[in-house]
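Here's a walk through one model, written for someone who likes to look at contacts and geometry. Have the viewer open while you read.

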Amino acid sequence: MGEVKHLCLVKFKEDAVVDDILQGMTKLVSEMDMVKSFEWGKDVSNQDMLTQGFTHVFSLTFASSEDLTNYMSHERHLEFVGTFMAAIDKVVVVDFPIVVAKPSPAA
């Protein structure tokens, strides 16, 4: 199947300390060898009708669906999920095999 992307759209609770969550997530994935890459960002479009209140996106790439499964069931991930879920108002998660429609230009 090839590489798999784990995409998470989040709306944090009003009282959430987002910087703490971002630091915790960055620390977690930096210590997990099965995570091939990790990116996150905050919405800049200000199109409330389209974003439906979601403000942040987290994107993790795995070499295989097995690596994703191992990450999702890893005890350190499961511990962090409790902290993460307590800070969010709503979330959407999608896992999908990567289909490259336009490759990045060669460096």
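What follows covers the sheet, then the charged pairs, then one histidine and the aromatic rings.

Keep in mind that this is a predicted model.

**The sheet**

Let's start with the backbone. In what order do the 4 strands of the open sheet run? The order is S2-S3-S1-S4, and the pairing is antiparallel. That puts S2 and S4 at the edges, each pairing on one side only. From one strand to the next, the twist averages 15 degrees.

Zooming in on one pairing, S1 and strand S3 (residues 56–62) run antiparallel to each other and share 7 bridges. If you want a spot to check this by eye, take Val4: its bridge partner in S3 is Phe62. A helix sits against this sheet as well: H4 packs on it and touches S1, S3 and S4. The direction of H4 makes about 125 degrees with that of S4.

**Charged pairs**

How many salt bridges does the structure hold? The count is 4, and three of them are listed here with the N to O distance.

| Basic residue | Acidic residue | N to O distance |
|---|---|---|
| Lys11 | Asp89 | 3.2 Å |
| Lys27 | Glu31 | 2.9 Å |
| Arg76 | Glu31 | 1.9 Å |

Take the Asp89 and Lys11 salt bridge to begin with. Asp89 belongs to strand S4 (residues 88–97) and Lys11 to strand S1 (residues 4–12), so this pair ties together parts that are 78 residues apart in sequence. As for solvent, Asp89 is partly exposed at 46% relative accessibility, and Lys11 is partly exposed too, at 28%.

Glu31 turns up in two rows of the table: its partners there are Lys27 and Arg76. The Arg76 pair comes out at 1.9 Å, N to O, and it links distant parts of the chain. Arg76 is in helix H4 (residues 75–87), while Glu31 is in the loop between helix H1 (18–30) and strand S2 (35–42), with the two positions 45 residues apart. Taken together, Lys27, Glu31 and Arg76 are linked in a network of salt bridges.

Are the members of that network buried, partly exposed or exposed? Lys27 is partly exposed, with a relative accessible area of 49%. Glu31 is partly exposed at 34%, and Arg76 is also partly exposed, at 34%.

**A histidine in S1**

Back on the sheet, His6 is located in strand S1. Is His6 buried or exposed? With 7% relative accessibility, His6 counts as buried, because the cut-off for buried is under 20%. Which side chain does the side chain of His6 meet in a polar contact? The partner is Asp95, at 2.4 Å. Leaving out residues up to four places away in sequence, the residues that His6 touches include Phe58, Phe62, Leu68, Met72 and Val93.

**The rings**

Now for the aromatics. Searching the whole structure turns up 5 aromatic pairs. In one of them, Phe38 and Phe58 have ring centres 6.4 Å apart and planes at 5 degrees, so the pair is stacked. The centre distance passes because rings pair if their centres lie within 6.5 Å. Phe38 lies in strand S2 and Phe58 in strand S3, so their pairing joins parts that are 20 residues apart in sequence. Phe58 counts as buried, with 1% relative accessibility.

Phe62 and Tyr71 make a tilted pair, with 5.3 Å centre to centre and 45 degrees between the planes. Phe62 is buried at 0% relative accessibility, and Tyr71 is buried at 1%.

Which residues form one aromatic cluster? They are Phe12, Phe38, Phe58, Phe80 and Phe84.

Phe38 has some company beyond the rings. Not counting residues up to four places away in sequence, Phe38 touches Met25, Thr26, Val29, Phe58, Ser59 and Leu60. For one of those, Thr26, the C-alpha to C-alpha distance from Phe38 is 7.9 Å, with the two positions 12 residues apart in sequence.

Methods
Residues numbered from 1 in each chain as written. Predicted model: local features only at pLDDT ≥ 70, side-chain atom pairs only at ≥ 80, totals over all residues. Heavy atoms only, no water. Salt bridge = Lys/Arg side-chain N within 4 Å of Asp/Glu carboxyl O. Buried < 20%, exposed > 50% of the residue type's maximum accessible area, 1.4 Å probe, protein only. Polar contact = N/O pair within 3.5 Å; in protein donor to acceptor, adjacent residues only side chain to side chain. Contact = heavy atoms within 4.5 Å. Pairing = 2+ DSSP bridges. Axes fitted to C-alpha atoms, helices over the stretch in contact; angles between N-to-C directions. Phe/Tyr/Trp six-rings, centres within 6.5 Å; stacked < 30°, edge-to-face > 60°.
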